[in-house]
Amino acid sequence: MTAPHPCEHHEILIIGGGIAGASAAYHLAKLGKPDIALLERHLLTSGTTWHAAGLIMQLRSTHALTELARHNVELYSSLEAETGQATGFKQNGTLGVARSKDRLFETRRVASIAKSFDIDAHIITPAEAKNLYPAMNESVIEGAIYIPHDGQTNPVDTTMSLIAGAKQRGVKVFENTPVIDVTRLTHGHFKVATPHGSVECETLVLACGLWTRELAATLGVHVPLYPCEHFYVVTEPAAAIKPDLPVFRDTDGHVYVKEDAGKWLVGAFEPTGKPLRMDQLPADTPFIELPEDWEHFELPYSKAMEVLPDLENAGIAKFFNGPESFTPDLLFILGEAPGLPNCYVSAGYNSEGIEFGAGAGRALAEWIVEGEPTMDLTHVDVARFHPFQVNRKYLHDRTAEILGLHYKPHWPHYQLETSRNVRKSTLHDRWAKLGASFGEGLGWERPMWFAPPGASTANVYSHTRPNWFEHTAAECKAAREAAILLDQSSFGKHLIQGRDACKTLQHLCAGDIDVPIGKLVYTHMLNNRGGIEADITVNRLAEDRFLLVSSATVHPRDKAWIESHLGDGHVTLSDVTSGFAVLSLQGPNSRQILSSISDGGFSDKAFPFATSREIEVGYAKVIANRLTYVGELGWELHIPTEFAQHVFDVIWHGAEREVKAAGYHALEHLRCERAYREYELDLTPEDTPLEAGLGFAVRLSKPGGFIGRDALLRQTERGILAKRLVMFKLRDPDPVLFRDEPVWMNGKLVGYISSGAYGFTIGSSVGMGYVNHPDGVTGELVETSDWEVEIAGERFAADASLNAFFDPRGERVKG
């Protein structure tokens, strides 16, 4: 193919000729973009796409990921007819087996999710699984899931078919065109240097697979990817290996098996992977193959022989080992790079590029064309990472665990074990002495629950009642009856200041930010569709100075969104997260406790709810915010970091009433009882404040308007909400809600639980979820309908309400 000429210009330039780049080019062209070029340094697919297994599975463990994944079948089933280029796609189905009762429970949960998307999925017996896969030893399994419209495809042919479709719509593709350098020009365009000359573009897409990290770094973009070896073997042909065999997944055995031209391809996601440094890969080499390692592959292959005994005598035609790129959270990376407008990333597919490539390519193309995402992509947004997460040692150690997580059980509240103790509150050692079991959120070590003296702090996971259940129940009881102390130092904290700070925040926030100094405002930042982009609390510290507080795990994304919308006013944003520790004192005794260690008056009249002021505790001055996320009287104390230990000691040892240490598990149970929403679960860019029941936080009439106001006005003018957040309480006291459980109204599937937990105060599980009804989700509909929530295939009767089941009027917050 002809190389680009020097100084050639394209509206959109894509770097990378694998599945990610090809899918982005194809979908951009389908949306009518006329001037697109794709550069590949060697041959198309020669990075990692060429050695992909090509498995196609629509279902994932959450609704959000399933929404992205299911486009694979939609696209690949029709692509060959559209482009004339064969793909090798066949819908031979997926058979996923479960060796344990816990795994079968998890599998049933996934089968329930399938109903939300009309994906045909069946839980079957071992005998039924044997009928579908005669070579299987059914005695080692408890049951299975069969998804008949899943299948497999040829990765190279599928990519080439996407390229054919893109070229038919005018996309120019250039192989053997390596990128030497990338720079951003002063007028916002990008200049890409190649051996054949320079190419200028308005929009740049980095889709370079495991090489994306290094190229992105030249532009100052953080893309935390790291290579890991990925193994599979191909057997000799055998009579038992028929073309119509479904793709076989044995997650308890760490293996997948597919038919490949009359042979078995046996691949693995072993419990502990083999990460390797970039300098261990052959430099500038296409179609990389790495040395065999039978010792490492022994465990998964021995497991495969247990369930497919014919493998014991099968000859091995090929042992393959190739590099794949992995991310720190096992979710791929997509979207506009923070601080670099019109530079987009599509990479880090964790060995699932063929499965997610179709949906991710479409989502990215829509983002580029529309100027913002058209669906909820927060969980895969490139902006979600903290800068430290590109650290090579952090990635090396974490990647060994990440590869294995593909097939490890998906336990609720699972805590990663590698690359830990990165970010610690200054109170960490005090919590440890009190028996804290720590979890990790964006590198922060945070107390999740507290073990009694002498008891282990290790997690024993369960889909219903883990080992911390009773200890968390005690923490919740203390919050409702006495007082608890939580460490929320990981809160994201941004200082916005300048003479235009108030004006800017009024434009960005749906609530009224122009309030008296010391007033706290709970509010949201919205996209143009009215969807929630940020869920924050704003503290007006001065006429021209505001402190914004948000959840720790979305803090980098919040910062990126705010920075991209600050405009040209006289306003600055500073990340002051590390400058303040936060202790949250909550419970009916909190006022008495605070009064015993600080002067100044903490009565309802002297210190009203949603106000802030500076108080003295011991020898320190702290910012006290009267707020709660548990539904009780309480204060959040923002303490200069160097004073935090002193303030903790004053509270812990100097208070008149006893305080109980509590962790984030208790916080989750308590906030679900009170129906407090959580971003990324109950609030996403696809949900408006009106749909979320948070209209009280919106000021449609404030002067100057705000981003998303027009969309909310249209919703208001329609008079009905066809989608609305509803609270649920199970009538049966035994089942435990988590999230993603389908919701049934009068026998019809109408939504799913966005978040849930056992309500220790109530005595049964509570949750919330969006209900969809074309004629409007009204109070009458909620009160008069019959409701059920499905957990792992079993439906449980539920009560429903538009208000919280615990303290619906919020009276306990007043104390």
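This report walks through the cavities and the aromatic contacts of the structure above.

The model is a predicted one, so to read it fairly, note that local features need pLDDT of at least 70 and side-chain atom pairs count only at pLDDT 80 or more, while totals for chains, interfaces and linings use all residues. Residues are numbered from 1 along each chain as its sequence is written, and side-chain values use heavy atoms, with hydrogens and water left out.

**Cavities**

Let us begin with the enclosed spaces. A cavity here is a set of points, on a 1 Å grid over the protein atoms alone, where a 1.4 Å probe fits but cannot get out, and its lining residues have an atom within 4 Å of a point. Grid points are joined across faces, edges and corners, and the volume is the space filled by probe spheres set on the points. Searching the whole structure turns up four cavities of 30 Å³ or more.

The largest of them has a volume of about 150 Å³. Its lining consists of 15 residues, and Pro412, His413, Thr464, Val736 and Leu737 lie nearest the centre. Strand 36 (residues 748-759) supplies the largest share of this lining, three residues; strands (E, at least two residues) and helices (H or I, at least four) are DSSP runs numbered from the N terminus. Sorted by class, the lining has nine nonpolar, six polar and no charged residues. In this scheme Ala, Val, Leu, Ile, Met, Phe, Trp, Tyr, Cys and Pro are nonpolar, Asp, Glu, Lys and Arg are charged, and the others, Gly among them, are polar.

The second largest cavity holds about 40 Å³ of space. Ser425, Trp444, Glu445, Arg446, Pro447, Asp487, Ser489 and Ser490 line it, and the largest share, four residues, comes from strand 22 (residues 444-450). Here the classes split into two nonpolar, three polar and three charged residues.

**Aromatic pairs**

Now to the rings. Rings of Phe, Tyr and Trp (its six-membered ring) pair if their centres lie within 6.5 Å, and planes under 30 degrees apart count as stacked, over 60 as edge-to-face and the rest as tilted. The count comes to 33 aromatic pairs. Two of them are set out below.

| Pair | Centre to centre | Angle between planes | Type |
|---|---|---|---|
| Phe297 and Phe319 | 5.5 Å | 75 degrees | edge-to-face |
| Tyr344 and Trp367 | 6.2 Å | 80 degrees | edge-to-face |

The Phe297 and Phe319 pair links helix 8 (residues 294-307) with strand 17 (residues 316-326), its members 22 residues apart. Phe297 counts as buried because its relative accessibility is 1%, where buried means under 20% relative accessible area, exposed over 50% and partly exposed in between (1.4 Å probe, protein chains only). Phe319 is buried as well, at 7%.

The Tyr344 and Trp367 pair joins strand 19 (residues 343-347) to helix 9 (residues 353-370), with the two positions 23 residues apart. Tyr344 is buried at 3%, and Trp367 is buried at 6%.

**Around Phe319**

Phe319 belongs to an aromatic cluster with Phe231, Trp294, Phe297 and Tyr301. Leaving aside residues up to four places away in sequence, Phe319 touches Phe231, Tyr232, Val233, Glu292, Asp293, Trp294 and Phe297, contact meaning heavy atoms within 4.5 Å. The C-alpha atoms of Phe319 and Val233 are separated by 4.4 Å, although these residues are 86 residues apart along the chain.

Methods:
1 Å grid on protein atoms, 1.4 Å probe; cavity = no way out; pocket = protein on both sides within 12 Å on 5 of 7 lines; lining within 4 Å.
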